[in-house]
Structures are given as C-alpha cells and as structure tokens.
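Work through the exercises below with the model open beside you. Try each task before reading its solution.

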Amino acid sequence: MKFKSILAILLIFAMMLPFASCVDQAIPEATEVENKELSAGTEAPTEKPTEKPTEAPSSDNDNESGDADTDTDTDTDTNTDTDTDTDNDSNAGDDPNAGDDPNAGDDPNAGDDPNAGDDPNAGDDPNAGDDPNAGDDPNAGDDPNAGDDPNAGDDPNAGDDPNVGDDNEEIVKPDRNVTEEEKALYDVTEFDLDKFLYPIWKQDISYAEAAFVREAEDGRVAPIRLLYPIDKIVSVRNAALDVEYELGVDYDVDDAGNLIILEGGSIPVLAYEDYYFPYTAEDHAANKRGGTAFPAYKDVGYGYIRAEVGKGKPGMSQWTLAVTYTHSANSVVTRPKTKGTNYLKLLDKLNAGEDIKIVSTGDSITDGWSSSGKTGVNIAPYCPQYNLLVEMYIEQAYNVTVTQKNVGVSGSNTNGGISKLPEICAEKPDLVIIAFGMNDGCSMPTATYVANINKMVSTINENCPDACIVVVGTSLPNDKISWNINDSKSLLVYHRDYAPALMNAEPNWTNAAFANVTSVNNQLYARKVYQDLAGSNANHPNDYMHRIYAQVILKTIFAGFGVN
C-alpha cells in the first residue's frame with residue numbers, strides 16, 4: 001500500500017513537468033519584451049536632444065554668423081538632456097526605477113520630457129519647429145534673411161522694393177507744369193527788360209536761362225544741369241524765343257531737376273564731330289574754317305573748336321535753349337554788395353529827377369559782342385548789350401532820360417582805355433563804366449593791368465570831379481581755346497588774378513567801386529558749362545551773360561535793385 005502511494009506521487013510529479021517547462025520558457029520572452037520597451041523609452045532622452053539642436057543651427061548658420069539672435073539652447077543648454085537616467089543609468093532594467101519608474105516612460109526626461117517630444121530642444125524646441133532658428137525662427141521662414149527678410153520676399157530690394165514689382169506704379173512723378181495763369185505771367189516770348197534783369201540770385205524763378213545742347217564724344221547728350229534744380233517748367237524755347245518745345249516730347253526733367261533732351265525730339269543738338277575738328281592744312285589755310293572755329297588749346301587736341309563770331313550769324317545760340325522755370329533751392333550765387341556811398345553824387349541827381357549822361361569804355365564786350373541786339377548782329381530776341389541794359393533800367397526806375405556814349409573798341413585793352421580818357425572827360429559824364437580785362441588777361445601781368453585801371457580812375461577824378469565810376473570785372477574766356485594752332489597757352493591766363501587785385505585797389509579810389517562780375521562768372525561755372533554763357537564760345541558773352549553783367553553793375557550802385 002505504501003508502495004502504491006509512492007508511485008501515485010511520482011506519477012503526479014511526472015505529469016507536472018511539461019507545465020513547468022512552459023512556464024520557464026515564457027518568462028524570458030516576457031523579460032525580452034520588457035527590455036525592448038525600456039530600451040525604446042530610454043533612447044528618447046539621448047536621441048532627441050542630440051539630433052534637434054544640431055539640425056536647426058546648421059541651417060541657421062547658412063546665412064548667419066555670430067548673430068546674437070541665434071539659438072544658444074544647444075547641447076550645453078541647461079534644458080538639454082543632463083539627466084543621468086540614460087541607457088547606462090543604474091536605475092534601468094529590473095530596478096524599481098524601471099517600468100513605471102519616474103525616470104522611464106513618463107519620466108520627464110522621456111516622452112513628454114522637456115528634452116523630448118515637446119522638449120524645447122525638440123518639436124517646438126527653439127532649435128526645431130517654432131525654434132527661433134527654424135520654422136518661424138528669425139533666421140528661417142520669416143527670418144529677416146528669408147521670406148519677409150529685408151533681403152528676400154518683402155525685402156526692400158525685392159517684392160515691395162521701390163525698384164521691383166508694383167512699387168514703380170505707386171511712384172508718382174512730380175507735376176512739372178505750371179498753371180495756365182503762371183504760364184501767362186512768367187513765360188518769356190520776347191525781350192522783356194524786367195524779366196531779363198530779374199536777379200539770378202533770387203530764389204524763386206529763372207527767366208530764359210541759357211542752356212547749351214551738345215553731344216559728348218560718345219554721342220550722348222548728358223542731362224543738362226541748370227543754375228538751380230527745376231521745380232516746374234514754364235517754357236523751354238530756342239534762344240530767339242520764337243520756338244517753344246514740348247515737355248515729354250522734346251525734353252523731360254529728371255528726379256534731380258535736370259533737363260533731359262529726348263531722342264527723336266525737335267531740339268537742335270550740336271554733334272560732336274561738328275564741335276571739334278581735327279587739324280587739316282586746308283582748314284588752316286581757310287583761316288580757321290571760314291571764321292567758324294578757333295584753334296584748340298594743345299592739351300585738348302591738335303585741331304579746332306567751333307566758335308562763331310560773325311556778324312549777322314546766330315553763332316552758338318542756334319544750339320542754345322532759353323529755359324524759364326521755378327525753383328526753390330538756395331542761391332548758388334552770392335548777391336553783390338551795394339556800394340552806394342561811392343555814388344552819392346549820381347544818386348542825388350537821380351533822386352532829384354535830373355537827366356544824366358553815361359560814358360562806357362572797354363573792349364569788344366562793351367562794344368556789344370555777342371548780344372543779339374548789337375548792331376550788325378541784329379537777331380532775335382534783340383537783347384541790348386549790358387551797358388544799354390543799365391541805361392534802360394535807370395530810365396525806367398527814375399523816370400529820367402539817360403544819354404550814353406560808348407567808346408568801347410573791339411580788341412582794345414587798358415592801354416587803349418588810357419588813350420580814350422580825353423574823349424571821356426570831354427563828355428562831362430555823371431557815370432563812367434570802365435570794363436577791360438578780356439584782352440588784357442591773355443598777356444598783361446596783373447600789376448600792369450591794375451596800374452592802368454588806377455590811372456584811369458584818378459584821371460577821371462581830376463578832370464571830371466562830378467563823375468562817379470564803376471570798374472567792371474571781366475568774364476572769363478574759354479580755357480580750351482588758344483590764339484594759334486598747338487599753342488602752349490589757352491586764352492585764360494591772368495583773368496582770374498585781376499579781380500582780387502582790383503578789390504585791393506578799390507579802397508584807394510574816389511567816387512568809384514568795383515563790380516565783381518568775375519566772381520559771379522566763376523560761381524556760375526560751379527553748375528553750368530562755358531557754352532551756356534558764351535555767344536562765341538571763345539570770349540564773348542551771350543545774351544544771358546550780358547544780362548548778368550548788368551545785374552551785377554546795378555546792384556553795386558543801387559541798393560534797391562532787385563528788392564521788389
């Protein structure tokens with residue numbers, strides 16, 4: 001019986017062996033799954049903080065270098081994975097810190113750990129997604145260097161750039177036209193004393209200002225800079241004032257206020273090949289191309305430059321415009337100083353309504369060259385020479401009669417002026433205009449010139465004690481022209497030295513003052529070219545410069561000139 005009981009026990013034990021084997025095999029499988037899940041959970045804290053912070057800055061550095069706004073929350077950031085609960089953590093495996101351990105699964109360093117998922121260094125991490133260095137990062141997406149970046153997208157140099165897209169359509173060019181009333185009031189269609197004597201230093205309007213039109217050597221006509229930037233155009237006419245040109249067809253005005261000559265328009269343009277002529281024996285034998293050119297200064301080239309001086313010919317005026325326009329810029333010309341105390345005798349007579357006599361002495365400029373109204377020239381608009389403009393102003397301003405004798409001689413200098421003194425004093429003048437220097441300046445040293453002027457002033461003082469005197473500084477000749485072919489000197493030699501020397505001499509004069517046309521002439525060349533002021537392109541002023549001569553003389557004598 002006892003044996004049977006033992007067999008039963010052994011049989012039961014044998015039957016249980018397969019079950020125990022299955023249990024032994026299931027345990028390792030379950031442990032392997034648990035280890036795989038734990039491994040997946042512990043990879044996140046090490047993987048994401050090492051991937052994301054290195055991706056965004058790499059694109060960030062494409063356009064930025066050392067930018068203070070770039071991501072500083074990288075591997076060294078206190079928000080990256082500094083937790084020691086990683087793969088090598090002693091709290092992993094079967095440790096109570098595995099599974100539901102706060103350092104695994106929902107561990108702050110895994111899953112929703114700030115260093116994974118929504119970690120600032122991953123997903124919405126500043127180094128990824130909405131990271132300032134990615135997505136909406138200032139260095140990506142809407143980054144200043146991309147998208148709306150000033151250098152892209154709406155960048156001022158693209159998109160909304162005034163030079164790109166629709167912005168050009170939004171730029172409205174200023175209206176350069178005056179009203180009909182202003183046009184009727186300001187336009188110059190013929191010689192007008194008031195408009196021609198309106199001072200160029202006034203800051204509102206310029207009447208019939210001369211502008212020469214010539215091609216450059218490359219065939220272009222450069223923008224023409226006037227004495228002031230143009231605000232509005234009243235008219236652009238030929239020098240004769242009898243032809244008006246059309247804005248937008250013949251000319252335009254650029255943003256800087258310069259005059260632009262349009263191709264295909266009707267404004268005459270002097271071609272370069274008709275301005276500068278290489279030397280030929282035939283030209284030389286024909287006496288400077290029939291009087292239409294002067295020898296070029298040797299530094300310019302071996303040839304001739306167009307310079308017309310013939311009687312009854314338009315000369316350079318056929319390529320000269322008369323531009324009337326409004327402006328608002330500061331004056332580029334210093335207003336001449338009035339020296340009325342030197343003219344008290346003259347002013348007393350005029351204020352008393354007495355008639356006066358003027359005697360003018362000088363060179364070809366005083367003789368009238370190259371004013372359009374000079375006898376022998378006699379072309380529109382028939383502007384009188386400077387000394388006659390002075391006469392006309394005095395008659396109009398004081399309602400008196402002015403008698404004038406002109407003893408100026410073309411080609412003369414101060415030596416010739418001294419020889420004219422007896423004739424001058426015999427007239428018993430109230431005002432003597434002395435205007436030499438253009439011819440003197442080509443060869444006469446400054447000291448000799450000033451000594452001659454001093455002699456003329458003192459002789460008139462002695463022989464005509466009631467006469468007042470105005471000594472006029474000369475305008476300047478063309479420094480690109482000489483008297484002879486291949487000459488080593490241009491026409492401009494001593495001219496600029498004369499003005500300061502006369503200013504030094506002036507305090508020693510009696511009843512006399514210096515009208516510094518030379519200074520104003522120099523100031524004009526700061527904005528204008530020589531041909532704008534010259535009728536012959538050599539040494540004779542055009543109508544515009546004759547007007548300036550008169551304006552400077554009148555302001556030197558009369559404080560009220562140009563005030564109203």
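**Exercise 1. The five-stranded sheet**

In what order do the five strands of the open sheet lie, and is the pairing parallel or antiparallel?

*Solution.* The model is predicted: local features need pLDDT of at least 70, side-chain atom pairs count only at pLDDT 80 or more, and totals for chains, interfaces and linings use all residues. Residues are numbered from 1 along each chain as its sequence is written, and side-chain values use heavy atoms, with hydrogens and water left out.

Step 1. Fix the terms. Strands (E, at least two residues) and helices (H or I, at least four) are DSSP runs, numbered from the N terminus. Two strands pair if DSSP finds at least two bridges between them.

Step 2. Read the order. It is β10-β9-β11-β12-β13, with parallel pairing.

Step 3. Find the edges. β10 and β13 (512-515) are the edge strands, and each pairs on one side only.

Step 4. Take the twist. From one strand to the next it averages 20 degrees. Axes are lines fitted to C-alpha atoms, for helices over the stretch in contact; angles run from 0 to 180 degrees between N-to-C directions.

**Exercise 2. The neighbours of β9**

Give the bridges from β9 to β10 and to β11, then place α8.

*Solution.* Step 1. Strand β9 (residues 356-362) runs parallel to strand β10 (residues 402-406), and five bridges join them. In this pair, I358 stands opposite Q404.

Step 2. β9 also runs parallel to strand β11 (residues 431-435), again through five bridges. The bridge partner of S360 in β11 is I433.

Step 3. α8 packs on the sheet and touches β9, β10 and β11. Its direction makes about 170 degrees with that of β10. Contact means heavy atoms within 4.5 Å.

Step 4. Assign the handedness. β9, helix α8 (residues 386-398) and β10 make a right-handed β-α-β unit. The test: with the strands pointing away from the viewer, the path from the first strand over the helix to the second runs clockwise.

**Exercise 3. The loop between β9 and α8**

Which peptide bonds ending at S370 and P381 depart from trans, and which sign does phi of Y382 have?

*Solution.* Step 1. Recall the norm. Most residues other than glycine have a negative phi, and most peptide bonds are trans.

Step 2. Check omega. The bond from W369 to S370 is cis, with omega near -5 degrees. The bond from A380 to P381 is cis too, with omega near 10 degrees.

Step 3. Check phi. Y382 is not a glycine, yet its phi is positive, about 60 degrees.

Step 4. Locate them. S370 lies in the loop between β9 and α8. P381 lies in that loop, and Y382 lies there as well.

**Exercise 4. The three-stranded sheet**

Find the edge strands of the sheet that holds β5, β6 and β7.

*Solution.* Step 1. The open sheet has the order β5-β7-β6, with antiparallel pairing.

Step 2. β5 (276-278) and β6 (293-295) each have a single partner strand, so one side of each is left without a neighbour in the sheet.

Step 3. The twist averages 30 degrees from one strand to the next.

Step 4. Three bridges join β6 to strand β7 (residues 303-306), and the two run antiparallel. A293 stands opposite R306 in β7.

**Exercise 5. Helix crossings**

Classify how α14 crosses α8 and α13.

*Solution.* Step 1. Set the classes. Angles under 35 degrees count as roughly parallel, over 145 as roughly antiparallel, 65 to 115 as roughly perpendicular and the rest as oblique.

Step 2. Take α8 with α14. Their axes come within 8 Å and cross at roughly 50 degrees. The two helices are therefore oblique to each other. The crossing is right-handed: the near helix is turned clockwise from the far one by less than a right angle, whereas anticlockwise would be left-handed.

Step 3. List the contact. Y386, L389, V390 and Y393 in α8 meet residues of α14, among them H546, R547 and Y549. The contact divides into eight nonpolar, one polar and one charged residue. Here Ala, Val, Leu, Ile, Met, Phe, Trp, Tyr, Cys and Pro count as nonpolar, Asp, Glu, Lys and Arg as charged, and the others, Gly among them, as polar.

Step 4. Take helix α13 (residues 517-524) with helix α14 (residues 543-557). The axes come within 10 Å and cross at roughly 135 degrees. α13 and α14 are therefore oblique, and the crossing is right-handed.
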